[in-house]
Amino acid sequence: GKFLVRLGCPTHPMLTPLLQYISTLADEDTKNKKKSRCLDYVAKHLGPDGYYEKEYLKLYRNNRIISSFRVLPCHTPTDGTIFEDANSNNNQSTTKTAADATVNWQSPKECYANSSAQVLGFPVVVSANHMDYPNGPVYATRFMVEPEPDPALCLSQLGHWVMYVQKPSTDVDPVNVTSAFQKMFDYLSQRSIPRQLMNSLAKQPFIPIYRRANNNTSQQMLLDWCRPENVYFEVKQPTLSTTATETGVEVASTPSPENQDNITASLFPVVPFSSFLAAAGVRTEATTADLFRRLLQNPYSVLSILGEDGYKTLLRRIAAHPPHAMMTRQTLQTSFLLAYQQPQDDENGEEEEKKKIDDSSSSSNNVVLAKASDIYLIDNSFFGRMFPLVLRAPSESDLESFYERLGSSYISKSVSKSFTILGQAPPKTSTKLCQQIAQRLTERRPLLVSPNVTFRPLRPNAERLLEISSPSKKMGLGGGGLQVVQVENLKAVYTLQKATRHQ
């Protein structure tokens, strides 16, 4: 052997022809361990001070040449298999892939050493658990395989899967899609991605959200793609059940206190927490402006999801921190405020039936949504019983103030009162009873006009109106004073909009 070496015979085969030979070996040769033995031989001499070390460095720098040598055994998920069994345990899936998955062959610059990269569909070198190629990690080290794909390449691959799933010809389970993408997000959370790339990604709808079709009786699951700004991180909570009301609106049952504090998860798409998604713009909780915008889009849908109590909780939150920039004229004309109305069948009911509406939230009242100008604040229970069909606001001070700012009126200010004289006898002005009442008004005029004993602002010129006119003047407020007359009978007339009541 030494004699042949001295004559110029090489001690090792040339690296380039050897790599070409390994690339051309048929897959069935795997059973004879031929590729495995060839790879072991090359890897042995690619180490530090190895015979092929310097020659391989030259080949590695030439992308065109090195890409032609498909010599490394890899696992490469296909378009279909990456979404199969996506809900299986990560460890069990990795173990099965490492030991039993089909091997394909990649060049050193087309695969990666870290097995977690395969969640994005990248080829990864087989692990030490593989039956035919147990030296996979050694191959990855000696052939200078990159541990992870470049961040820009990762985001490009993420976009590839989004487009793949969106194709009409793609038939995958939405649940598997969301599970597979969650694994991708978890993997990307471990990578350091430049802010510039994240800002560009934040504008794209790449987050899959599956939901049931709008028809409640349908079992079909639909897949939506959302931008990060429209998605929030989920919080564990029980599912709300729904019941039907007399108005036809399907209202959820009363949520538990912990659900009432997490309205965001009920109204918006939610995903498990991921630092990658957080960097892309997914938030933990919706702002008041976000909630108000969602409310205006479809108030009845929000009522159906949250239920009556949850809807009031949402209104309280908006009332505490109102988004003034969104309080436009168009907004004020939207029917989104919660109100109560007595069923029309009870309009001509007995007096005891009217007493039920003293409590605005009584179960005998229908829950409706209306604009502020159509709702009344019941500050006078007498008027509330007199006009039972008006829309009434919830009996809560915080909400009443909010409703008033939006345009609701107190019923005591909205009801006009007048009197009609009954009987055939003309009015009398000089009777003993008229004189007694006039004297009493004169004595107590300071109390009647004093601001310390009035709840509402005084009527302008109230003191002059209480001056008693002389009997010789015409009945009424002649001369600016008050005329006291006696009639046979009076009927009070109360008017609210087009409704009129007599007493």
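Trainee: Among contacts in the chain between residues at least 6 apart in sequence, what share joins residues at least 24 apart?
Mentor: That share is 71%. Keep in mind that we're looking at a predicted model.

Trainee: Okay, and what is the chain built from?
Mentor: You'll find 22 helices and 17 strands in the chain. Of its 503 residues, 39% are buried.

Trainee: What makes K312 count as buried?
Mentor: Set the value against the cut-off: buried means under 20% relative accessible area. K312 has 8%, so K312 is buried.

Trainee: Where is K312, and what is it in contact with?
Mentor: K312 belongs to helix α15, residues 299-320. If you skip the neighbours within four places in sequence, K312 is in contact with L338, Y340, P394 and E396.

Trainee: Why is V485 called partly exposed?
Mentor: Same recipe. Partly exposed lies between the 20% limit for buried and the 50% limit for exposed. V485 has a relative accessible area of 26%, so V485 is partly exposed.

Trainee: And where does V485 sit?
Mentor: Look in the loop between α22 (462-465) and β16 (489-496). The C-alpha atoms of V485 and C434 are 6.0 Å apart, though their positions lie 51 residues apart along the chain.

Trainee: Let's try a helix. Which residues of α4 are buried?
Mentor: In α4, residues 53-61, the buried ones are Y56, L59 and Y60.

Trainee: How do you know that they line one face of the helix?
Mentor: Look down the axis of α4: the buried residues fall within an arc of 100°, so they line one face. As background, an α-helix has 3.6 residues a turn, so residues three or four places apart point the same way.

Trainee: What is on the face turned away from the buried side of α4?
Mentor: That face carries K54, K58 and R61, which are exposed.

Trainee: What covers the buried residues of α4?
Mentor: The cover includes α2 (15-24), α5 (63-66) and α7 (136-142).

Trainee: Why is α2 called roughly perpendicular to α4?
Mentor: The axes of α2 and α4 come within 10 Å and cross at roughly 65°. Angles from 65 to 115 degrees count as roughly perpendicular, so α2 gets that label relative to α4.

Trainee: Which residues meet there?
Mentor: L15, T16 and L19 in α2 meet E55, Y56 and L59 in α4. Sorted by kind, the residues of this contact come to 4 nonpolar, 1 polar and 1 charged.

Conventions:
Residues numbered from 1 in each chain as written. Predicted model: local features only at pLDDT ≥ 70, side-chain atom pairs only at ≥ 80, totals over all residues. Heavy atoms only, no water. Helix = DSSP H or I, 4+ residues; strand = E, 2+ residues; numbered from the N terminus. Buried < 20%, exposed > 50% of the residue type's maximum accessible area, 1.4 Å probe, protein only. Contact = heavy atoms within 4.5 Å. Arc of directions from axis to C-beta. Axes fitted to C-alpha atoms, helices over the stretch in contact; angles between N-to-C directions. Parallel < 35°, antiparallel > 145°, perpendicular 65-115°, else oblique. Nonpolar A, V, L, I, M, F, W, Y, C, P; charged D, E, K, R; others polar.
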